[in-house]
Amino acid sequence: MGVGINVEHLNAWYGTTHTLQDINLNIPANHATALIGPSGCGKSTFVRCLNRMHETNPIARATGVVKMGDIDIYKDASPVTIRRRVGMVFQRPNPFPTMSIYDNVASGLKLNGFRNKAILDETVERSLKASALWEEVKDDLKKKSGASLSGGQQQRMCIARALAVDPEVLLMDEPASALDPVSTSKIEDLIFQLKSQYTIVIVTHNMQQAARVAENTGFFLNGKMVEFDSTDRIFTNPKDKRTEDYITGRFG
Amino acid sequence: MSTNAFHTPPPNGEGEMRAPMDFQSRRMRLNSAWRYAVNHAVTGLAVLSTLLVVAPLVAILIYLVYMGSSSLNLAFFTKIPAPVGETGGGMANAILGSGIVLGLCSVMGIPVGIAAGVYLAEFGRGKALASAIRFTADVLNGVPSIVMGIAIYSLIVMRQQHFSAFAGGVALAIMMVPTITRTTEEMLATVPHAIREAALGLGVPKWRTVLSVSLKTASPGIITGCMLAFARVAGETAPLLFTAFGNQFWSFRLNEPIAALPLQIYVYAMSPYDEWHRLAWAGSLVLIVMIMVAVTLVRIYASRGVLKGAS
C-alpha cells in the first residue's frame with residue numbers, strides 16, 4: 001500500500017540556478033497526483049527530489065523536508081533505501097539492453113542480491129500482469145532482450161520493473177510523452193488501475209492526461225508551485241490567474 | 001500555377017514568382033550526372049583505402065605461411081632449441097614462455113586497466129586526479145617499448161640481480177594498461193545515462209550499478225580494447241630483451257629468465273644460419289596464429305548468451 005508524501009519548504013538548485021523555490025505540498029496516499037506546467041518549470045526536478053535522484057547530479061543540491069509516511073527521506077534514510085520504496089518511471093523507456101525481459105523485470109531484486117528463483121518467477125509474472133504486458137511477452141521472457149520490444153511495450157516493462165520491488169510510491173516523469181496514442185492510452189489505463197495500491201505522482205505535459213488519471217493536480221511555474229487542488233477545480237475553476245492562462249492555452 | 005508553401009512569393013511582394021523545379025532541364029541533368037560521378041568516386045576511394053589496409057596484412061600472412069610452414073613439424077612444438085651446429089630442435093619452451101609471460105601480464109594489466117577506466121568514467125568526472133590519470137595514460141601510451149624495458153630493468157631486474165619472467169610480465173602489463181584504461185573509459189561513456197538512472201532508481205547501490213549495468217553494457221567494447229592491447233604486447237620484443245631475457249632451455253619459474261617467441265624469433269633471425277632463419281619464419285607464423293586464436297576464442301566466449309534483439 002502507498003504512503004502519503006509531505007513536502008515542506010523544498011528548495012533545489014542546479015549549480016547556481018534555483019530550480020525549485022519553497023515548495024509545500026501534501027500528496028495523499030493511494031491517489032494519483034498530476035504535476036503540470038511549462039517546460040523547465042521544475043516539475044521533473046521536483047519528482048527527482050522525491051526519491052533523491054536529484055542529488056546524483058554532482059552540481060545539484062536540495063534543502064527542505066520530504067516526509068514519506070513518518071520518514072524524513074533526507075534525514076532518516078539513505079538514498080538507496082528510499083529508492084527501493086519509491087519506484088520511478090522515466091520519460092523515455094530505459095530497459096537494460098543486455099538483459100532479457102525476465103531479467104529486466106527482476107533486476108531490482110536480482111541486483112540487490114535476491115536469488116530465490118520461485119519468488120523471482122512469481123514476482124516477474126505478477127509485475128508483468130500488473131503492467132498489462134504479460135500476455136504479449138510470456139513466451140519470450142528469457143529469450144528476447146528487453147530492448148527488442150516496441151517503445152510502448154518497453155515502457156510497460158519499465159513500469160513492471162518498478163513494481164517488482166514492491167514500492168509504496170510510483171513516480172512517473174512524463175511516462176507517455178515518447179509513445180504513440182495507443183500505447184499512451186494503455187499506460188493511462190494502467191495508472192488508473194495502479195493508483196488504488198500505490199501513491200502515484202505523474203508529471204505530464206498533456207493536460208487531458210492529467211484530467212483523465214489524477215484526482216489532484218499541481219501547477220508549477222518558474223520553479224514555484226502556483227496552485228494545488230483537486231483536478232476538477234484546477235481545470236474548471238482555478239483560483240490563480242496564471243493557472244487559468246496556462247490551462248486555457250494563453251501561454252506555455 | 002498552384003501556390004504551395006515552397007512557391008509562395010515573399011510577403012513584401014518584391015520577389016518574382018519562382019518557376020517550379022524542372023527536373024528535365026539541362027542544368028539538373030548535369031547536376032545529377034555530377035553527383036552520380038562524385039558518389040561513385042568517393043565509394044571507390046573508400047574501397048581502395050580498405051584494400052590498402054587489408055593488403056599488407058594478407059601479404060604478410062601469405063608470406064609467413066610460405067616461408068614458415070615448411071619448418072613446422074611436431075618437433076617445433078615439442079622440442080627445445082638445438083645447440084648450434086645440430087639440426088632439428090623446436091621452440092616449445094618459447095611457446096610456453098610466451099604463454100606464461102602473456103598470462104602474467106594479462107592478469108596484472110587487464111584488471112588495473114579496467115579499474116582505472118571505471119574510475120575515470122564513473123567516479124572521476126571533473127576531478128583533477130582524473131585529468132592527471134588521463135594525461136599520464138596518454139603519455140604512457142606513447143612511451144617507446146624499449147624505454148619500458150629499460151625502466152623495468154632498473155626497477156626490478158637490477159634490484160633482484162637477475163632477469164625473470166615476472167619482470168617481463170610487469171613490463172608488458174604496463175604497456176597494456178593505458179590502452180585498456182582509455183578504451184574502458186570511452187566505452188563506459190557510450191552507455192546511456194538513462195540506463196544508470198534506471199538502476200539507481202531501483203535502489204541499486206552505485207558500485208553494483210557500475211559492475212552489473214555500466215560495465216556489462218559496455219563489455220563488448222571493453223573486451224575489444226583488452227584484445228587489442230593483448231595482441232599488441234604479444235608481439236613485443238624490446239621490453240622483454242632486458243626483462244625476460246630469453247632462455248634456451250625449459251623454464252617454468254617466474255623468477256628465472258624465460259624464453260618468449262618474439263625473443264627467440266629475434267635471436268634466430270639475426271643469426272647467420274639458414275636453419276635458424278627458417279625456424280624464425282615458423283616462429284613468426286606460430287606467434288601470429290596464436291594471437292588470432294586467442295582473440296577469436298575470447299570473442300566467441302564473450303558473445304555467448306547474447307539475446308535476440310540486444311543492442
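## A buried loop residue in chain B

In this predicted model, B:Val191 touches B:Ser214, B:Thr217 and B:Ala218, leaving aside residues up to four places away in sequence. B:Val191 itself is located in the loop that lies between α6 and α7 (193-201) of chain B. Along the sequence, B:Val191 and B:Ser214 are 23 residues apart, yet in space their C-alpha atoms are 6.4 Å apart.

Is B:Val191 buried or exposed? The residue has 20 C-beta neighbours inside 10 Å and therefore counts as buried, since the cut-off for a buried residue is 20 or more.

## Helix α7 of chain B and its cover

Helix α7 of chain B also contains buried residues, namely B:Arg196, B:Ala198, B:Ala199, B:Leu200 and B:Gly201. Elements from both chains help to cover them: the cover includes α2 and β6 of chain A, together with α8 (206-234) of chain B. After α7(B) comes B:Gly203, which has a positive phi, near 80°.

## The contact between the two chains

How many residues of chain A are in contact with chain B? There are 27, and they meet 23 residues of chain B. Two helices of chain A, α2 (79-85) and α3 (101-110), each supply at least two residues of the side that touches chain B. The most comes from α2(A), with four residues.

By class, this side of chain A consists of ten nonpolar, eleven polar and six charged residues.

## Two packed helices in chain B

Two packed helices are described by the angle between their axes and the distance between the axes. In chain B, helix α4 (residues 128-141) and helix α6 (residues 165-189) pack at an angle of about 130°, and their axes are 8 Å apart. The two helices, α4(B) and α6(B), are therefore oblique to each other, because the angle lies outside the ranges for roughly parallel (under 35 degrees), roughly perpendicular (65 to 115) and roughly antiparallel (over 145). The crossing of α4(B) and α6(B) is left-handed.

On the α4(B) side, the residues that meet α6(B) are B:Ala137, B:Asp138, B:Leu140 and B:Asn141. Their counterparts in α6(B) are B:Pro178, B:Thr179, B:Thr181 and B:Arg182. The contact of these two helices comprises three nonpolar, three polar and two charged residues.

## The sheet of chain A

Strands of a sheet pair through backbone hydrogen bonds, either parallel or antiparallel. Chain A has an open sheet of six strands, in the order β6-β7-β8-β3-β9-β10, with mixed pairing. Which strands stand at the edges? They are β6 (86-89) and β10 (224-230) of chain A; each has a single partner strand, so one side of each is left without a neighbour in the sheet. On average, neighbouring strands of this sheet are turned by 15° against each other, with direction ignored.

## Pairing at the two edges

At one edge, β6(A) pairs with strand β7 (residues 169-173) of chain A in the parallel sense, over four bridges. Within this pair, A:Val86 is opposite A:Val169 of β7(A).

At the other edge, strand β9 (residues 216-221) of chain A and β10(A) run antiparallel and are joined by six bridges. One of the bridge partnerships links A:Phe220 with A:Met225 in β10(A). The strands β9(A) and β10(A) form a hairpin with two residues between them, and in this hairpin A:Asn222 takes a positive phi near 50°.

Terms used:
Residues numbered from 1 in each chain as written. Chains lettered and ligands numbered in written order. Predicted model: local features only at pLDDT ≥ 70, side-chain atom pairs only at ≥ 80, totals over all residues. Contact = placed C-beta atoms within 7 Å. Nonpolar A, V, L, I, M, F, W, Y, C, P; charged D, E, K, R; others polar. Pairing = 2+ DSSP bridges. Axes fitted to C-alpha atoms, helices over the stretch in contact; angles between N-to-C directions. Left-handed = near helix turned anticlockwise from the far one by under 90°. Buried ≥ 20, exposed ≤ 12 C-beta atoms within 10 Å, placed from the backbone.
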